[in-house]
Amino acid sequence: MRIEALALDGARIVHLDPHGDARGFFVETFDTAAFEAAGMPNRFVQDAVSITAEPGTLRGLHFQAPPKAQAKLVRVTRGRMLDVIVDVRHRSDTYGGHLAVELAARDWQILFVPEGFAHGFLTLEPDTEIAYKLSDHYAPDLAMGVRWDDPELDIKWPITDHPPQLSDADRALPRLSALGPMFA
């Protein structure tokens, strides 16, 4: 397992190292000691799975506000997606900054999304399955988000012929500038 820092403060890519032979393979997907050595949280309280049937489906950009903010470990277990995170920590040097990472099951990578980041993805293959580890429990009253197409963010989604499939809730999300400061 190799942990790589990304351009936004606290964000990381975890490169997994499958070991195989003629019988198949084995890979460690989580190691508290490796996370601690990299200065990352290593307490996760919930696992979740998301399956998206159609490519071109966009989910996000979601986050959970304090006091139940969530860090996430995001791994594609089937398919491929473009994963995007946005720093919504008002006092951060990278506030409003975003980065996009393509994650695919075949690449054996995990994106670490720190607390204070909005997270979303666009599926690039049918039946894309995503496994999450979450650092706090879901709190619907603190679930928030930012518009995927906020012009101030200028995210370059790989959308071609038609708009992405979105939920009604995601269509109604506010722009980043409409959110007040919530992460100290």
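**Reading the terms against the model**

Modeller: Asp 127 lies in the loop between β11 and β12 (128-134). The model is a predicted one.

Biologist: Why is Asp 127 called partly exposed?

Modeller: The relative accessible area of Asp 127 is 39%. Buried means under 20% and exposed means over 50%, so Asp 127 falls in between and is partly exposed. Asp 127 also has a positive phi of about 55°, although it is not a glycine.

Biologist: What makes Asp 154 count as partly exposed?

Modeller: Its relative accessibility is 44%; this value is neither under 20% nor over 50%, so the term partly exposed applies. Asp 154 is found in the loop between β13 and α2 (168-171) and, while not a glycine, has a positive phi of about 55°.

Biologist: How do you know that strand β6 and strand β11 pair?

Modeller: A pair requires at least two bridges between the strands. Strand β6 (residues 58-64) and strand β11 (residues 117-123) have three bridges, so they pair, in the antiparallel sense. His 119 in β11 is the bridge partner of His 62.

Biologist: Why are β9 and β13 said to stand at the edges?

Modeller: The open sheet has five strands in the order β9-β8-β11-β6-β13, with antiparallel pairing. β9 (98-104) and β13 (143-145) each have a single partner strand, so one side of each lacks a neighbour in the sheet. From one strand to the next, the twist averages 30°.

Biologist: Which peptide bond that involves Leu 61 is cis?

Modeller: The bond from Gly 60 to Leu 61, with omega near 10°; Leu 61 is found in strand β6.

Conventions: Residues numbered from 1 in each chain as written. Predicted model: local features only at pLDDT ≥ 70, side-chain atom pairs only at ≥ 80, totals over all residues. Heavy atoms only, no water. Helix = DSSP H or I, 4+ residues; strand = E, 2+ residues; numbered from the N terminus. Axes fitted to C-alpha atoms, helices over the stretch in contact; angles between N-to-C directions. Buried < 20%, exposed > 50% of the residue type's maximum accessible area, 1.4 Å probe, protein only.
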